[in-house]
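Visitor: I would like a close look at a single part of this model, the surface where protein meets DNA. Please take one strand, then its partner, and finish with how the protein chains are held against each other.

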Number of protein chains: 2
Amino acid sequence: MEPRWLTPDQRRAWLRVAALLELLPAALDTQLQRDADLTLAGYVMLAMLSEQPERSLRMSELAARSNASPSRASHVIAKLEKQGLVRRERCAEDGRGQLAVLTDAGWEKVVATAPGHVQRVRELVVDPLEPGQLAQLDAIVARMLDVLDPEARYATTALARDIPASQG
Amino acid sequence: MEPRWLTPDQRRAWLRVAALLELLPAALDTQLQRDADLTLAGYVMLAMLSEQPERSLRMSELAARSNASPSRASHVIAKLEKQGLVRRERCAEDGRGQLAVLTDAGWEKVVATAPGHVQRVRELVVDPLEPGQLAQLDAIVARMLDVLDPEARYATTALARDIPASQG
DNA sequence: CAGCACTGGTTGAAGTCTCAAGCAACCCCT
DNA sequence: AGGGGTTGCTTGAGACTTCAACCAGTGCTG
C-alpha cells in the first residue's frame, strides 16, 4: 500500500511545529534554570500547587495537571522535597494516597519566580501573535489535544475546572 | 513593579500549548519506540539524512535541521552508528568536520518506518484541523520561531532552503 | 473474614539530554 | 613558517525521564 505523504504545505507546517516542540521548552527551561535553579517540570508543579487553596494536591492530580507520568511526578517531587520547597503527607481519605504540599519556602519560590517565567511566556508565545491569532491557536491546539488525550486525563481537565481565575 | 499576568484567554491558550508540548512528542516517541525501536530524535536524524542526495550531512548541519545541540547530535549519531544505521566519515573539505552517512540498513529503516510515523503525525496534527487551520498554525508558529531562533540557526533555515513556500 | 484484583504511588536501573571541558584542524597575521 | 584565536565535533559526568517491577491499601466477592 502506497503511503500518503504530506503535501508541501502540511510538511512545512509540521516541520515548524516540530521545531517549536524542541525550542520552546528549551527556552523556558533555560530561563528557569538561570533565574531560579528550577526545572520547567519542577516549576510547573510548584505553580500547580500554589494555585490550590490548600497549596496541596494528590500526586495523581498533580501529575495530571503537569502532563507528567506518575513516575515522573514522584521523582520531581522527591527532588523538590530535598530542596525544601515541598513536603509530603499521607492522604486522610485514602491511605494509599500522598499529598504534595507546598512549604512556605516553596510558596516564596513561586512568588519570586512566576513573574520572570510569565514574562518569558509572554515574549515567546503571546506577544509575537497578532490579535486573533491567540484564539486561533487555542482552537487548533484544543483539537489536537482531543486526539492526544481523548479521555482528558491530563491538563485539559484542569482547564475546564479552573478557568474562572485570572492567575492563581 | 507589579507583574503583568496573563488574561484568562491567554492563560487557557498557554496551558493548552504547554500540554501539547508534553503530549505530542511523547506520543510520537511511543509510536517509534514500539514500531521501530527508535527515538524520535534518532528517527528525525535518519529522516534528514535520507532526504539528502548523498544520504549524508555534516554533523553541524544535521544538528541544526534536527533542532538539536551539537552535543546531542553527537550522542544520538553515536548510538545510531552502534545500531549500524549510520556511519561517520571524515569530511574532505574540512578536516575537523564529520559526515554522518546513512548506511543501507539505515535507509531501509527509514523506508520501513516513515509511513507509520507520517501516519501518526497526520492523525495527531493534520487530520484534527479544519481547512484553513493548518495555514493559521503555520503562520502562528512561524512568528514564535522568529523570536525563539532569530538567527535562524535551526530547522527554519531548512524550510527556507527546501521549500519555495507560499508564505513569507 | 479470606481471597483476589485493582489502584496510588514509589523505586532502581537503563536510556537520554545537558553542560562544561577538551582536542584537533583551520584561519589569520606577522 | 608558526603562534593565537576560532571552529567543529566529541567526551564524560551529572541531571532528568522512562520503564518495568514492586509494595501497600482499597474494594469487591464469596
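Guide: In this predicted model, 22 residues lie around DNA strand D, and those that come nearest are A:S71, A:R72, A:R96, B:S60 and B:H75. Both protein chains are thus represented among the nearest residues. Of the atoms of DNA strand D within 4 Å of the protein, 68% belong to sugar or phosphate, and the rest belong to bases.

Individual polar contacts show both kinds of partner. On the backbone of the DNA, an N or O atom in the side chain of A:K79 is 2.9 Å from a phosphate oxygen of DNA strand D. A:G95 takes part through its own backbone, with an N or O atom 3.1 Å from a phosphate oxygen of DNA strand D. On the base side, B:H75 has a side-chain N or O atom 2.8 Å from a base oxygen of DNA strand D; B:H75 is also one of the nearest residues listed above.

In terms of secondary structure, α4 of chain A and both α3 (59-65) and α4 of chain B each give at least two residues to the surface near DNA strand D. The largest share is that of α4(A), with five residues. Sorted by class, this surface holds eleven polar, seven charged and four nonpolar residues.

Now the partner strand. DNA strand C has 22 residues around it, and A:S60, A:S74, B:S71, B:R72 and B:G95 come nearest. Of the atoms of DNA strand C that come within 4 Å of the protein, sugar and phosphate make up 70%.

Two phosphate contacts of DNA strand C involve side chains of chain A. The side chain of A:S74 places an N or O atom 2.8 Å from a phosphate oxygen of DNA strand C, and A:R88 has a polar side-chain atom 3.0 Å from a phosphate oxygen of that strand. Chain B supplies a base contact: an N or O atom in the side chain of B:S71 is 2.6 Å from a base nitrogen of DNA strand C.

The elements that each supply at least two residues of the surface near DNA strand C are α3 (59-65) and α4 (70-82) of chain A, together with α4 (70-82) of chain B. Here the largest share comes from α4(B), which provides five residues; for DNA strand D, the largest share came from α4(A). The class count near DNA strand C is four nonpolar, eleven polar and seven charged residues.

That leaves the contact between the protein chains. In it, 64 residues of chain A touch 64 residues of chain B. About 6700 Å² is buried between chain A and chain B, with 71% of that area on carbon and sulfur atoms. The interface also contains ten salt bridges, including one between the side chains of A:D138 and B:R12, with N to O at 2.5 Å. Polar contacts between chain A and chain B amount to 18 residue pairs, counting pairs with both residues at pLDDT 80 or more.

Seen from chain A, the side that touches chain B draws at least two residues from each of α1 (8-36), α5 (104-126), α6 (133-148) and α7 (156-162). The largest share, 20 residues, comes from α1(A). By class, the residues on this side of chain A are 42 nonpolar, seven polar and 15 charged.

Terms used
Residues are numbered from 1 along each chain as its sequence is written. Chains are lettered from A and ligands numbered from 1 in the order in which they are written. Side-chain values use heavy atoms; hydrogens and water are left out. A residue is near a molecule or strand if one of its heavy atoms lies within 4 Å of it. A polar contact is a pair of N or O atoms within 3.5 Å; within protein, one must be able to donate a hydrogen and the other to accept it, and residues adjacent in sequence count only if both atoms are side-chain atoms. Helices (H or I, at least four residues) and strands (E, at least two) are DSSP runs, numbered from the N terminus. Ala, Val, Leu, Ile, Met, Phe, Trp, Tyr, Cys and Pro count as nonpolar, Asp, Glu, Lys and Arg as charged, and the others, Gly among them, as polar. Contact means heavy atoms within 4.5 Å. Buried area is the accessible area (1.4 Å probe) that two parts lose on being put together, summed over both. A salt bridge is a side-chain nitrogen of Lys or Arg within 4 Å of a carboxyl oxygen of Asp or Glu.
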